[in-house]
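The following exercises guide a reader through one structure, each with a worked solution. Please examine the sequence and the model before attempting them.

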Amino acid sequence: MRKPILFNISRRRFLRSMGASTSMLFLGCESMDRLILGKPPADETVFILGAGLAGLAAGIELKRRKIPFVILEAGTQPGGRVRSMASFGAAEEVLDLGGEWISSKHSTVIQWIKELRLEVIRRTPALVHRFPLDPQRDKEFARLLKGNPRPTDAEAVQVSALEWFKKISRNSDFETDLKLWSHFRYGADPDQIQAGLLPAAWRDFPSEEIKLRKGAMGLVMGLFERIAGVLPAENFLWEHRLLEVEDTERGFRLVMQADGEEITFEARRVICALPAAVLSGIRGLSEKSGLPKNASFGKLAKGGGYFAEKFWGKNFSTSGGFGLTQDFVTWESGRRQNFQKGGLLSFSVGGKLGQEAGPHSLQQWRESLLHTLRKEVSPPQQDHLQNWSQLPSFRGSHFVLAPGMNRESFFRNELGLRKWVWAGEHTSQAFLGTMEGALRSGKDGALQLLGEA
Ligand SMILES: Cc1cc2nc3c(=O)[nH]c(=O)nc-3n(C[C@H](O)[C@H](O)[C@H](O)COP(=O)(O)OP(=O)(O)OC[C@H]3O[C@@H](n4cnc5c(N)ncnc54)[C@H](O)[C@@H]3O)c2cc1C
């Protein structure tokens, strides 16, 4: 006789949860039968929490090995902190409101871009991964940093980027640059991040950077389709928000909110690819992660507008990025680099202003452009700005390694009979806070779980 139900949710609820995904997706009858009739057994199934890049990358590895898995996601679509707005305004550009720039060192992302045949826009030299400011000041800044020794191993962890920086420079302009960079890169003030995060930003400077012509969401959808094929509901449960995790003798009890009700899953193997900032709101997860109670997270908001003609002229000799005021980092984001006519400008704002950003910030940004350059960008619209720290599924833009935080003491994997593996940008050693870090962590997490790493 066939086993009755997959996991422990009722047929009716399961069908409804799949209904949430059918706006994007088509479900074949054959797979429907298989799902409802209860294959595969829960013991073997890997539960992936979160359908951001890390969760998707983990899913792809499992799919390659034909390991049964299900991705549980609080939202209604994949991508997490990657979000692109298509056909943006009169410029008909794509506005990336989350992950956007890909360094030439981001080999995993680049490999996927090739495999999925996604079109890119290139920018040489790379600016955004360092200091998106005036190029002359950028050069002087680089000279200053290169002319000084790196922080020692102890300093790199114990001392803040600001404290360390003050040891090598008393130039207040540079301190402003440092703050803008730190806001732009991590959404946090330079006294909140470890000194060790700073050197990587200039010494391992990429030769080139790229972005996806149709937005970073193209990468997400490419990965999603690799997993989903034409039978997407098989591996995804949308609108399933994790509320609580309990350790049990044989594994883990995952308590989820779905369809207004609480449901539970018994799991033996879990890959947790949720943002670090949400963990403290999930019962049982904060302790499990080992993250200190005072862990803080970047507060970055990102937005954009379009303009009719290139207007910065001699004010900014670069066609790349530039900072306009002490608060906003603004950069040219459109598909036609060096264009003379209309296009797209993006901006980001971090720290306290990033935390509070809303429609008023778009207005302020527009006014600051008008004031500085006497030219107009498009009238601001609310959905042209995303404040990541105000969304319950993110509560921050990036994980921040604060001074004194010891990496070894948190996100430790449990790999006994019951297996719990951490993934997500925050678990990446070398590519913290990037799409590269997210993809690598998902793949590595899956391999560890399977004992192949
Ligand atoms: C404004 C901004 C700009 C950025 N710019 C760049 C850039 O230029 N280049 C770059 O490489 N990177 C950039 N990043 C970083 C990059 O976007 C992220 O590192 C990466 O997308 C994180 O992927 P992830 O899978 O680790 O997490 P996420 O994308 O956050 O995915 C986690 C998923 O978990 C889900 N979730 C949350 N809570 C629950 C719950 N309780 N139950 C179930 N599901 C839940 C979320 O809905 C989400 O889908 C930027 C990020 C931001 C915010």
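**Exercise 1. Positive phi in two loops**

Arg117 is placed in the loop between helix H4 (107-115) and S6. Determine whether Arg117 is buried or exposed, and state what phi Asp259 has.

*Solution.* The structure is a predicted model.

Step 1. The phi of Arg117 is near 55°, a positive value in a residue other than glycine. Most residues other than glycine have a negative phi.

Step 2. Arg117 has 8 C-beta neighbours inside 10 Å. A residue is exposed if it has 12 or fewer such neighbours, so Arg117 counts as exposed.

Step 3. Asp259 lies in the loop between strand S10 (252-258) and strand S11 (261-267). Although it is not a glycine, Asp259 has a positive phi of about 60°.

Step 4. With 15 other C-beta atoms within 10 Å, Asp259 is partly exposed.

**Exercise 2. The chain and its confidence**

State how many helices and strands the chain has, and identify a stretch over which the pLDDT is below 50.

*Solution.*

Step 1. The chain has 14 helices and 19 strands. Of its 453 residues, 49% count as buried.

Step 2. Among contacts between residues at least 6 apart in sequence, 74% join residues at least 24 apart.

Step 3. The mean pLDDT of the chain is 82, and 78% of the residues reach 70 or more. Over residues 1-39, however, the pLDDT is below 50; beyond near neighbours in sequence, this stretch has 53 contacts in the model.

Step 4. Over residues 315-321 the pLDDT also stays under 50, and the model has 17 contacts for them beyond four places in sequence.

**Exercise 3. The shell around the ligand**

Which residues come nearest to the ligand, and which element gives the most to the shell around it?

*Solution.*

Step 1. There are 39 residues around the ligand, of which Gly50, Gly52, Gly80, Gly99 and Ala438 come nearest.

Step 2. The elements giving two or more residues to this shell are helix H3 (53-64), strand S9 (240-247) and helix H14 (435-449). H14 gives the most, with four residues.

Step 3. By type, the residues of the shell divide into 19 nonpolar, 13 polar and seven charged.

**Exercise 4. Helices H3 and H10**

Explain why H3 is described as largely enclosed by the rest of the structure, and examine H10 in the manner of H3.

*Solution.*

Step 1. H3 has 12 residues and reaches 17 Å from its first C-alpha to its last, close to the 16 Å expected at 1.5 Å a residue.

Step 2. Nine of the 12 residues of H3 are buried, so this helix is largely enclosed by the rest of the structure. Among the buried residues are Leu53, Leu56, Glu61 and Leu62.

Step 3. The cover over the buried residues of H3 includes strand S1 (46-49), strand S2 (69-72), H10, strand S12 (269-272) and H14. Just after H3, Lys66 takes a positive phi of about 60°.

Step 4. Helix H10 (residues 217-228) has 12 residues and reaches 16 Å from its first C-alpha to its last, close to the 16 Å expected.

Step 5. In H10, nine of the 12 residues are buried, so H10 is largely enclosed by the rest of the structure. The buried residues include Met217, Leu219, Phe224 and Ile227. Gly229, whose phi is positive, near 55°, follows H10.

**Exercise 5. Strand pairing**

Which residues of S1 are buried on each side, and which strands stand at the edges of the sheet with the order S5-S7-S6?

*Solution.*

Step 1. In a regular strand the side chains alternate between the two faces of the sheet. In S1, Val46 and Ile48 are buried on one side and Phe47 and Leu49 on the other, and both faces are thus covered.

Step 2. S1 and S12 run parallel and are joined by four bridges; Leu49 has Cys272 as its bridge partner in S12.

Step 3. S1 also pairs with S2 in the parallel sense, over four bridges. The partner of Val46 in S2 is Phe69.

Step 4. The open sheet of three strands, in the order S5-S7-S6, has antiparallel pairing. Strand S5 (102-103) and strand S6 (120-123) stand at its edges, each with a single partner strand, so one side of each is left without a neighbour in the sheet.

Step 5. S6 pairs with strand S7 (residues 209-212) in the antiparallel sense over four bridges, and Val120 stands opposite Leu212 in S7.

Terms used: Residues numbered from 1 in each chain as written. Predicted model: local features only at pLDDT ≥ 70, side-chain atom pairs only at ≥ 80, totals over all residues. Buried ≥ 20, exposed ≤ 12 C-beta atoms within 10 Å, placed from the backbone. Contact = placed C-beta atoms within 7 Å. Near = placed C-beta within 6 Å. Nonpolar A, V, L, I, M, F, W, Y, C, P; charged D, E, K, R; others polar. pLDDT = per-residue confidence, 0-100. Expected span 1.5 Å × (residues − 1). Pairing = 2+ DSSP bridges.
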